[in-house]
Amino acid sequence: MPAGRPPGIRSRLTRGAIFAGAFMGPFGGGITVSMLPELGADFGISASAASLSVTAYLVPFAALMLVSGTLGERWGRRRAVIAAYLVYVVASLVAFFATWLPLFLAMRALQGAANAFTTPLLLAVVAGSAKAGALGRSLGWFGSLQAAGQTSAPLIGGLAAEFDWRYAFLGVAVAAGVLAAVGLPPSAPSTTRARPKLRSAWRVHVLRIGVVGGLGWGCVAGLNFLVALRLEDVFGLGAAQRGLLLTALGAAGILTARLIGSAVDRVGPRRCVLAGVVLGALVIAGVGLSPEVWAIGVLWAFGGVASQLVLVGVNALVLRSSRANPAGSTSVVQSFRFTFAALAPVVIMPLYHAQPALAFVAPAALLLLVGPPTLPRDEERPGSGVDGGAAKA
């Protein structure tokens, strides 16, 4: 620290950047969802085909997270995260100037690849600094920032599309550049002598949590593109209006994530995840069947609550039971989460073209039929802390 600088300022700034970095994943992945018609028109493709911009980002994002957490632990969390931000800046700027669709999609893929090295490592840092019995609260803070990314993405994307959708990518580049400049605090010394191995993150318990987390996210928040298409096709809403309504999910997530985090500490993550699964199924079915725009907005806000119940709950479940390789285990769960979101456009769009209502009812049924029986039971009592279940793992 330079002489004369008040002690602690840099430390507080970098700690703030840990939580601020939480928004980058959902922000970058969702930046195009409210601009699909405009994006398609610019590249000479349909709005449905333009949804590939979501898939192009999420596929490498999800695939690399199968290993990114473990690799980041080996390379050093701070080094890996800052390098990822810098790559993200470059990819965003190239996407801003791209006039050739394959180049644009390639930059979306590079954005996703870079972002795979941020979210799981940041979660591990948050969990490692959480006080005993307050893991859920810390994850709730993290979740509120992720919800902020979910909220700002369609809003900025929709507003930018009213002028030129490319301006949204300037905003993305600036945000990533600021986070890279602030950086992270130096990684704490490892509590284990051996470097984490990939197989330490691939326990059955972790995989089951990942499946439920993927369903909970992909079948609710991951269908924001589908909601946007229905708002245009059925109600004729413009880009800015679509973006504004889609922010309801993220706004509700911001407002409730901290409360949900406290609930995780009090009643346990498993109960919170199950509540989120049931609520999410009701929300997505209602959004697809509602004949009123205002009702869709209200339901989509409850979707933000459901998404946070699942997101904070599954993060707490996996971090509680993963002492040896927290970032690696978390990255596997996050991989499932974004894999389901990446596959959503590919799987759901044929249903939407065949029967629009079915595209909403089918994910709701899948949530209810698969989620509860797949979710494992807690490996420890609620409030036992990050490592409470490690002895049983």
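This passage describes the cavities, one pocket, a surface patch and some side-chain contacts of a predicted model.

It is convenient to begin with the enclosed spaces. Rolling a probe the size of a water molecule over the atoms shows where empty space is left. In this predicted model, four cavities of 30 Å³ or more are counted. The largest cavity holds about 130 Å³ of space. Its lining is made up of 14 residues, and those nearest the centre are Gly29, Gly30, Leu58, Trp217 and Asn224. Helices α2 (24–30), α5 (52–64) and α17 (326–354) are the elements that each give two or more residues to this lining. The largest share comes from α2, which supplies four residues. In terms of residue class, the lining of the largest cavity has eight nonpolar and six polar residues, and no charged ones.

The second largest cavity has a volume of about 60 Å³. Its lining consists of Gly213, Gly216, Trp217, Ser307, Val310, Leu311, Val314, Asn315, Val333, Gln334 and Arg337. Two or more residues of this lining come from each of α12 (204–218), α16 (293–320) and α17. Here α16 gives the most, with five residues. The lining of the second largest cavity divides into five nonpolar, five polar and one charged residues. For a reader tracing these spaces by eye, Trp217 is a handy landmark: Trp217 is among the residues nearest the centre of the largest cavity, and Trp217 also lines the second largest cavity. Helix α17 likewise gives two or more residues to the lining of the largest cavity and two or more to that of the second largest cavity.

Attention now turns to an open space. The second largest pocket contains about 200 Å³ of space. Of the 13 residues that line this pocket, Cys219, Ala344, Val347, Ile348 and Leu366 lie nearest its centre. The elements giving two or more residues to the pocket lining are α12, α17 and α18 (358–374). Helix α17 gives the most, with six residues. The pocket lining includes twelve nonpolar residues and one polar residue, with no charged residue.

On the outside of the model, Leu93, Phe163, Tyr167 and Leu170 make a nonpolar surface patch of about 440 Å². Of these, Tyr167 belongs to helix α11, which spans residues 167–182.

Contacts between side chains complete the picture. Ten aromatic pairs are found in a search of the whole structure. In one of them, the ring centres of Phe43 and Phe104 lie 5.3 Å apart and the ring planes stand at 35°, so the pair is tilted. Phe43 sits in helix α3 (residues 36–43) and Phe104 in helix α8 (residues 101–115), so this pair ties together parts that are 61 residues apart in sequence.

Side chains of opposite charge can pair when their charged atoms come close. Three salt bridges are found in the whole structure. Among them is the one between Arg242 and Glu38, whose closest N and O atoms are 3.4 Å apart. Arg242 is part of helix α14 (residues 239–267) and Glu38 is part of helix α3, so the salt bridge ties together parts that are 204 residues apart in sequence. Helix α3 therefore takes part in both of the contacts described here, through Phe43 in the aromatic pair and through Glu38 in the salt bridge.

Terms used: Residues numbered from 1 in each chain as written. Predicted model: local features only at pLDDT ≥ 70, side-chain atom pairs only at ≥ 80, totals over all residues. Heavy atoms only, no water. Patch = residues over 30% accessible without salt bridge, like charges linked within 9 Å, V, L, I, M, F, W, Y side chains within 5 Å. Areas by Shrake-Rupley, 256 points an atom, 1.4 Å probe, with all protein chains shown as cover. Salt bridge = Lys/Arg side-chain N within 4 Å of Asp/Glu carboxyl O. 1 Å grid on protein atoms, 1.4 Å probe; cavity = no way out; pocket = protein on both sides within 12 Å on 5 of 7 lines; lining within 4 Å. Points joined across faces, edges and corners; volume = space filled by probe spheres on them. Nonpolar A, V, L, I, M, F, W, Y, C, P; charged D, E, K, R; others polar. Phe/Tyr/Trp six-rings, centres within 6.5 Å; stacked < 30°, edge-to-face > 60°.
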